[in-house]
Amino acid sequence: MTSELQISLKGLKFWAFHGLYEEEKILGNWFFVDLEVEIKSETISNISQTVDYGQLFEIIKQEMAITCELLETLSEKILNKIMQYDSIKRVEISIQKQRPNVGIIQGNSAIKGIRYKVTVS
């Protein structure tokens, strides 16, 4: 029997310097990341049969340290790296910027990216 298993990392918090405007690149901001991956699940009895969420965290951490002007670009970079795992069928990421430095927004801005692996039968 084949089923699917979802692995999530929620509420990851990073201080980073992403943004289109120069002050965002200088001052920095808090970013919150949620990640969900879906894998095929049969019987899982050791880490080699699943995805090590420590490795997923390291991918996110490394990419968050590289300044990007757009959250869209950042999410695509993370999605591309995570989709390289053979066992992953689907990945969804949400990146939220706390109180962006564009005077008209009183809340947070966010981007959500979803990527699927297409399998041909």
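## A tour of the sheet and its two covering helices

Residues 24 or more positions apart account for 64% of the contacts in the protein with a separation of 6 or more. Keep that in mind as you click around this predicted model.

**Start with the whole chain.** Show the cartoon and colour it from the N terminus on. You should be able to follow the elements in the order β-α-β-α-α-β-β, which gives three helices and four strands. The C-alpha trace spans about 55 × 25 × 20 Å along its principal axes. If you colour by burial, 38% of the 121 residues come up as buried.

**Next, select the four strands.** They form an open sheet in the order β1-β2-β3-β4, with antiparallel pairing. At the edges sit β1 and β4, each of which pairs on one side only. From one strand to the next, the twist averages 10°.

Now walk across the sheet, one pair at a time:

- Select 3–16 and 29–41, which are β1 and β2. Twelve bridges join these antiparallel strands. For a landmark, pick Ser3 and look opposite to find Ser41 in β2.
- Move on to β2 and β3, also antiparallel, where nine bridges do the joining. Two landmarks help here: Asp34 has Ser94 in β3 as its bridge partner, and Val33 stands opposite Ile95.
- Finish with β3 and β4, which pair in the antiparallel sense over eight bridges. Here, Ile93 has Gly113 of β4 as its bridge partner.

**Stay on β4 and show its side chains.** In a regular strand the side chains alternate between the two faces of the sheet. On β4, the covered face holds Ser109, Ile111, Gly113 and Arg115. Turn the view to the uncovered face and you will find Ala110, Lys112, Ile114 and Tyr116.

**Now select α2, residues 53–64.** This helix lies across β1, β2 and β3, running at about 35° to β1. It has twelve residues and reaches 16 Å from its first C-alpha to its last, close to the 16 Å expected at 1.5 Å a residue. Which residues of α2 are buried? Colour Leu56, Ile59, Ile60, Glu63 and Met64. Looking down the axis of α2, you will see these buried residues fall within an arc of 130°, so they line one face of the helix. An α-helix has 3.6 residues a turn, so residues three or four places apart point the same way. The buried residues of α2 pack against β1, β2, α3 and β3.

**Step along to α3, residues 71–82.** This helix lies across β2, β3 and β4, at about 155° to β3. A quick check with the distance tool works well here: at 1.5 Å a residue, its twelve residues should span 16 Å, and the end C-alpha atoms are 17 Å apart, which agrees. Colour Leu71, Leu74, Ser75, Ile78, Leu79 and Ile82, the buried residues of α3. Seen down the helix axis, they too fall within an arc of 130°, so they line one face of α3. What do they pack against? Their partners are β2, α2, β3 and β4.

**Go inside to the core.** The largest nonpolar core has 27 residues, and those with the most contacts inside it are Leu35, Ile60, Ile82, Ile88 and Ile95. Show these five as spheres. Several elements feed this core: β1, β2, α2, α3 and β3 each supply at least two of its residues.

Then centre on Ile60. Setting aside its neighbours within four places in sequence, which residues is Ile60 in contact with? They are Leu9, Leu12, Phe14, Val33, Leu35 and Ile78.

**Last stop: Gly107.** Select this residue in the loop between β3 and β4. Is Gly107 buried or partly exposed? With 29% relative accessibility, Gly107 counts as partly exposed. Leaving aside neighbours within four places in sequence, Gly107 is in contact with Arg99 and Pro100. Finally, draw a C-alpha to C-alpha distance from Gly107 to Lys97: these residues are ten apart in sequence and 9.1 Å apart in space.

Methods:
Residues numbered from 1 in each chain as written. Predicted model: local features only at pLDDT ≥ 70, side-chain atom pairs only at ≥ 80, totals over all residues. Heavy atoms only, no water. Core = buried A, V, L, I, M, F, W, Y, C linked by side-chain atoms within 4.5 Å. Buried < 20%, exposed > 50% of the residue type's maximum accessible area, 1.4 Å probe, protein only. Contact = heavy atoms within 4.5 Å. Expected span 1.5 Å × (residues − 1). Arc of directions from axis to C-beta. Pairing = 2+ DSSP bridges. Axes fitted to C-alpha atoms, helices over the stretch in contact; angles between N-to-C directions.
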